[in-house]
Every structure is written in structure tokens, then in C-alpha cells.
Amino acid sequence: MTRPRARMRLGKHLVGRPPWRSLPHGVVVYGEWDPEDRTTYYWEEWELLGYENTDFWVEYDHYTHKVTLYRPVEVHEDLDPRHLREGQRLAVTFGGQEHRLVVGEVGAGTIRHLAGGFTYDLQLGQEVAYAELQGDGVVLSVERFDDRVLDVYQGTVLDAAGQKAHFGRRVAPRRGAGAWVAAVVVAAVLGLAGACGPTTETCTPRTVVAADGSTTTEQDCVRRSVFGSGGVGK
């Protein structure tokens with residue numbers, strides 16, 4: 001669960017449309033416990049060295065399956081995620097323009113996995129505070145790694161076409177093929193079992209990922225057969 005899932009490899013260049021060429025330098029996986037859902041949510045962030053020798057980050061969310069490209073920006077205001085609250089409205093100035101933004105989410109992720117190199121001193125178990133601000137068609141991510149490092153990034157959500165343009169490939173993992181193979185195997189098992197004797201069948205809804213990266217749980221499901229106390233798992 002804590003391993004990286006995006007289709008990128010450390011040290012292997014990603015070549016998109018000119019002038020996009022980047023090198024995955026390090027990857028970190030965060031986990032955050034939600035006491036209301038009683039679930040730990042995970043996301044991964046890849047630090048990429050860019051074509052202008054600037055570092056940027058690519059985030060893949062294990063729950064929403066979104067891929068977001070984050071570029072560093074300089075803001076005039078003092079933004080500290082530890083002091084922000086959800087629903088708070090702020091005026092933030094960057095790129096010579098003032099933006100009216102709303103704090104959509106605040107929290108802290110704990111580093112569960114590290115690989116490669118980073119421009120920051122990151123450690124397993126380290127807690128990183130974050131806040132996400134939205135408005136004016138802008139998404140800002142503020143991260144405080146420690147008392148010395150606080151960064152602000154402007155985010156852009158990339159669909160499948162956007163991923164191919166920037167990286168030369170879709171970096172979000174393909175999730176539909178595995179479910180299809182599992183369904184075929186289960187159908188074959190059910191056909192054989194039907195000829196030999198009675199079976200018990202259960203149906204579990206599964207998330208379906210479209211070609212543009214959007215997801216839905218209302219369209220399809222995967223059926224599993226159960227024989228005695230055992231079953232066909234995923």
C-alpha cells in the first residue's frame with residue numbers, strides 16, 4: 001500500500017513534447033490517518049528535475065487517482081499551513097497578480113516510503129504539514145517540511161492527454177486491465193463449477209477508470225465465486 005504506483009522510474013528520463021524533458025530524482029509516499037473514516041489515505045510525490053534546471057513535483061493520489069503537476073511559485077504573503085484553517089479566505093499575490101483563494105484542505109502527512117534523492121532532508125516517519133488553496137482557477141499547495149523549509153507550488157491536474165504531453169506517456173497506473181482479467185477468470189471458474197455442482201456468487205462494486213483518468217463506481221462490478229469457506233480474491 002505504501003509503495004509508489006505511478007508509472008515512473010528513478011533515473012529514467014521522461015520526454016514529452018518540446019521543451020518538456022524531466023528526470024525523476026526521488027519519490028516519497030505519504031500516509032494520513034482519517035479518524036472519521038478510520039482509514040489511512042496515501043499519496044505519492046515525485047521530485048523531477050526539469051528542462052530549465054528547476055525542480056517540480058508530480059503527485060499521484062492513491063484514492064482519487066489524480067495526477068497533479070506542481071511548479072514552484074513565490075508569494076508575497078506569509079503562508080504557514082499550521083496556521084491556516086479550512087474555509088479561510090485569503091488574498092495571495094504571485095506572478096504580479098492578486099488572487100482571492102479559499103483554504104480547501106489542511107492536514108499533515110507522514111512519510112511512509114522514500115527512494116532516490118531530494119533537495120530536502122527527508123526522513124521516514126517525518127510529518128509534513130500541508131494546505132491546499134483554490135480559487136480564480138488556481139490551485140496552490142503549501143508544504144512545511146520543517147522550521148527552515150516552507151514551499152508554495154501552483155498545481156495543474158493532468159488528464160491522460162496532459163500526462164502524455166508533459167512526460168511522453170500516461171504516468172497514472174492502468175487499473176482496468178487487471179479487473180478485466182479477474183472477471184474472465186471468475187467467469188471461467190463459474191462455468192466449470194456450474195457443470196459440476198451448485199455455487200455461491202457475490203458481487204462487489206469496483207472503481208472503473210476511464211481513458212481520461214476519471215473514475216466511477218456506478219457502472220460496473222466484478223463478480224467473485226465462493227466455494228465453501230474460500231474464494232477468489234483480487
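## An arginine out in the open

Arginine 38 is exposed, with a relative accessible area of 63% (buried means under 20%, exposed over 50%, and partly exposed in between, using a 1.4 Å probe and protein chains only). You'll find arginine 38 in the loop between E2 and strand E3 (39-49). Here, helices (H or I, at least four residues) and strands (E, at least two) are DSSP runs, numbered from the N terminus. Arginine 38 isn't a glycine, yet its phi is positive, about 55°. Most residues other than glycine have a negative phi, and most peptide bonds are trans.

## What kind of model is this?

This is a predicted model, where local features need pLDDT of at least 70, side-chain atom pairs count only at pLDDT 80 or more, and totals for chains, interfaces and linings use all residues. Residues are numbered from 1 along each chain as its sequence is written, and side-chain values use heavy atoms, leaving out hydrogens and water.

pLDDT is the predictor's confidence in each residue, from 0 to 100. The protein chain has a mean pLDDT of 80, with 74% of its residues at 70 or more. Among its elements, helix H1 (residues 160-167) has the highest mean pLDDT, 97, while strand E14 (residues 221-227) has the lowest, 34. Over residues 177-234, pLDDT stays under 50. For that stretch the model has 62 contacts beyond four places in sequence (a contact means heavy atoms within 4.5 Å).

## A cis bond between two prolines

Now for another backbone oddity. The peptide bond from proline 18 to proline 19 is cis, with omega near 5°. Proline 19 sits in the loop between strand E1 (14-15) and strand E2 (21-34).

## Hairpins around E9

Which strands does E9 pair with, first on the E8 side? E8 and E9 are antiparallel partners, linked by seven bridges (two strands pair if DSSP finds at least two bridges between them). One of the partnerships matches tyrosine 130 with glutamate 143 in E9. The two strands make a hairpin with two residues between them.

Aspartate 136 is in that turn, and its phi is positive, about 55°. Like any residue in a loop, it has an address: between strand E8 (127-135) and strand E9 (138-144). Aspartate 136 is exposed, with a relative accessible area of 53%. E9, on the other hand, is mostly covered, with six of its seven residues buried.

On the other side, E9 runs antiparallel to strand E10 (residues 150-158), and five bridges join them. Leucine 140 has glutamine 154 in E10 as its bridge partner. Five residues link E9 to E10 in a hairpin.
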